[in-house]
Amino acid sequence: MAIRMESRDRLQGVMEKEIRSPWQRKARRRTVGCVAFRSHSFDESFDKRIEENFYLDLPTKLSALKASQSVVSLVSRARRGVKNKLVIPCSGTIIGSKLEENGSFTHTILTSANLLITRAASTSEDHPPLAPEPGIKVSVYLSSGDSFEGEIFGFNFHYNIAIIKFKSSSRFPTAILKHIDGSIPLTTKAELQYTSFGLRPHAERSDLFNLCPGEKVIALGRHYLSHSLMVAPGAFRPGVRRPGLLRPRFSGPGFRDYDCVELLTASCRITVGGSGGPLINCNGEVIGINFYEHSYTSFLPINIASRCLECLEKNGRVPQPWFGVKVTSCNAISANMFEKIIQKFGHISEGVLVEEVIPDSPACSSGMRPNDIIIRCGKQAVVSSSEFYGILLDNTGESIEVIVMRPCLGRDLSLTIKVINETNPKKYYRWPVPEEAF
């Protein structure tokens with residue numbers, strides 16, 4: 001018995017020595033299941049504990065360098081009492097520079113609204129996220145470590161974006177934005193048949209990036225202390241993110257759950273400090289803005305973010321369109337539903353599937369049903385879920401004609417639906433928020 005105990009002790013000693021071997025390049029991360037400890041810490045970089053980001057191949061590094069000069073880190077500071085200050089870091093992207101009359105430059109940064117959450121934010125309808133505290137200050141840090149005082153231009157807690165502007169005496173590189181096209185023909189062109197109610201094959205536009213499931217994407221960020229570039233490669237996941245699933249179980253300043261149905265997902269593994277940073281393609285073009293989640297990365301397509309910026313600059317607020325449906329792109333539907341659709345509409349090439357119709361909503365009142373396929377809104381063809389939400393954003397407050405294909409009937413229907421604006425003034429105004437909004 002004593003011999004067995006001695007052998008076990010020796011074996012345990014050998015295992016400890018193996019774990020602490022100096023030949024290991026990276027310390028082994030402590031995990032529970034597939035979850036790494038402290039991945040929700042502001043101090044963690046992408047390659048600190050996330051194994052997928054340890055060793056990057058050369059193409060990934062070259063793609064990251066094409067956009068790296070436009071990636072910045074931001075830090076918001078809110079005073080807590082006499083001595084204490086709350087510090088919240090995020091990453092961001094310089095998306096525009098303007099030459100002023102006095103010779104200085106005004107730069108525009110797109111980042112996450114988490115930067116402005118200095119108190120615990122509730123996502124319930126009765127208690128929406130709070131507006132930034134009056135004394136909040138934002139600092140912008142470049143890769144060189146140079147810092148500038150940022151000004152809050154606007155924010156939107158539904159889309160979780162914030163616009164920060166800062167001035168300098170010189171021009172800095174700006175990111176190249178590329179709108180995404182998430183449509184994928186469900187059948188080959190040889191199989192498509194042109195009928196009176198059918199769609200034509202979708203032609204790719206040269207000004208759009210065709211984002212297919214499995215397409216390589218790269219999440220970027222900048223550490224707020226070392227100002228070093230953070231890189232997390234991954235792949236685009238088909239379908240739309242399901243709010244409420246796999247959310248980070250943390251609360252407090254800098255954290256919140258995301259209830260925006262416009263968000264898409266990628267397999268990139270980032271940390272909290274990477275929220276607000278850009279998601280790029282292999283050409284170094286920005287196609288989305290990243291948000292930290294527990295085991296993946298959510299991102300808002302740059303199509304939606306650009307429309308929000310236009311609304312902020314033009315109207316001072318961003319509408320929240322709604323007519324009561326939950327949709328997903330047809331390329332992400334189940335095999336069972338795909339079979340039923342192809343049996344009825346063998347010629348279909350694009351559209352979005354209606355997964356759920358909210359009772360008593362405008363869509364429900366118009367006669368829309370689950371499993372309908374929306375192929376056109378107004379005068380625009382619907383090619384993907386992100387394009388669908390963009391069309392609603394452009395037509396908020398108006399009644400539009402919606403063409404749907406109903407598998408149980410085998411034909412298309414024309415419905416008229418009013419797009420309701422659900423804007424809460426506390427969530428969508430340019431900063432500072434005017435008093436008359438409340």
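These legends accompany an overview and several close-up views of a predicted model.

**View 1. The whole chain, with its helices and strands.** Before zooming in, here is the setting for the close-ups. The chain folds into eight helices and 24 strands in this predicted model. Of its 438 residues, 52% are buried. Among contacts with a separation of 6 or more, 68% join residues 24 or more positions apart.

**View 2. Helix H4 alongside helix H7.** Here we look at residues 302-315, which form H4, and residues 385-394, which form H7. Their axes come within 9 Å and cross at roughly 15 degrees. Angles under 35 degrees count as roughly parallel, and H4 and H7 therefore run roughly parallel to each other. The crossing of H4 past H7 is left-handed.

**View 3. The residues where H4 meets H7.** Staying with this helix pair, we turn to the side of each partner. H4 contributes Ile 304, Arg 307 and Cys 308. Facing them in the contact, H7 brings Ser 386, Tyr 389, Gly 390, Leu 393 and Asp 394. By character, the residues of this contact split into four nonpolar, two polar and two charged.

**View 4. Phe 148 and Phe 166, a tilted ring pair.** The structure holds eight aromatic pairs, and the next two views show examples. A pair of aromatic rings is described by the distance of the centres and the angle of the planes. For Phe 148 and Phe 166, the centres are 5.2 Å apart and the planes stand at 35 degrees, so this pair is tilted. The two rings come from distant parts of the chain, 18 residues apart. Phe 148 belongs to strand S7 (residues 147-156), while Phe 166 sits in strand S8 (residues 161-168).

**View 5. Phe 166 and Phe 172, a stacked ring pair.** Phe 166 appears again, now with another partner, Phe 172. Their ring centres lie 6.2 Å apart with planes at 25 degrees, so the pair is stacked. Are these two side by side rings buried or exposed? Phe 166 has a relative accessible area of 1% and is buried. Phe 172, at 17% relative accessibility, counts as buried as well, because the cut-off for buried is under 20%.

**View 6. The phenylalanine cluster.** Putting the two previous views together, ring pairs link Phe 148, Phe 166 and Phe 172 into a cluster. Phe 166 takes part in the tilted pair with Phe 148 and in the stacked pair with Phe 172.

Conventions
Residues are numbered from 1 along each chain as its sequence is written. This is a predicted model: local features need pLDDT of at least 70, side-chain atom pairs count only at pLDDT 80 or more; totals for chains, interfaces and linings use all residues. Side-chain values use heavy atoms; hydrogens and water are left out. Axes are lines fitted to C-alpha atoms, for helices over the stretch in contact, and angles run from 0 to 180 degrees between N-to-C directions. Helices (H or I, at least four residues) and strands (E, at least two) are DSSP runs, numbered from the N terminus. Angles under 35 degrees count as roughly parallel, over 145 as roughly antiparallel, 65 to 115 as roughly perpendicular and the rest as oblique. A crossing is left-handed if the near helix is turned anticlockwise from the far one by less than a right angle, and right-handed if clockwise. Contact means heavy atoms within 4.5 Å. Ala, Val, Leu, Ile, Met, Phe, Trp, Tyr, Cys and Pro count as nonpolar, Asp, Glu, Lys and Arg as charged, and the others, Gly among them, as polar. Rings of Phe, Tyr and Trp (its six-membered ring) pair if their centres lie within 6.5 Å; planes under 30 degrees apart count as stacked, over 60 as edge-to-face and the rest as tilted. Buried means under 20% relative accessible area, exposed over 50%, partly exposed in between (1.4 Å probe, protein chains only).
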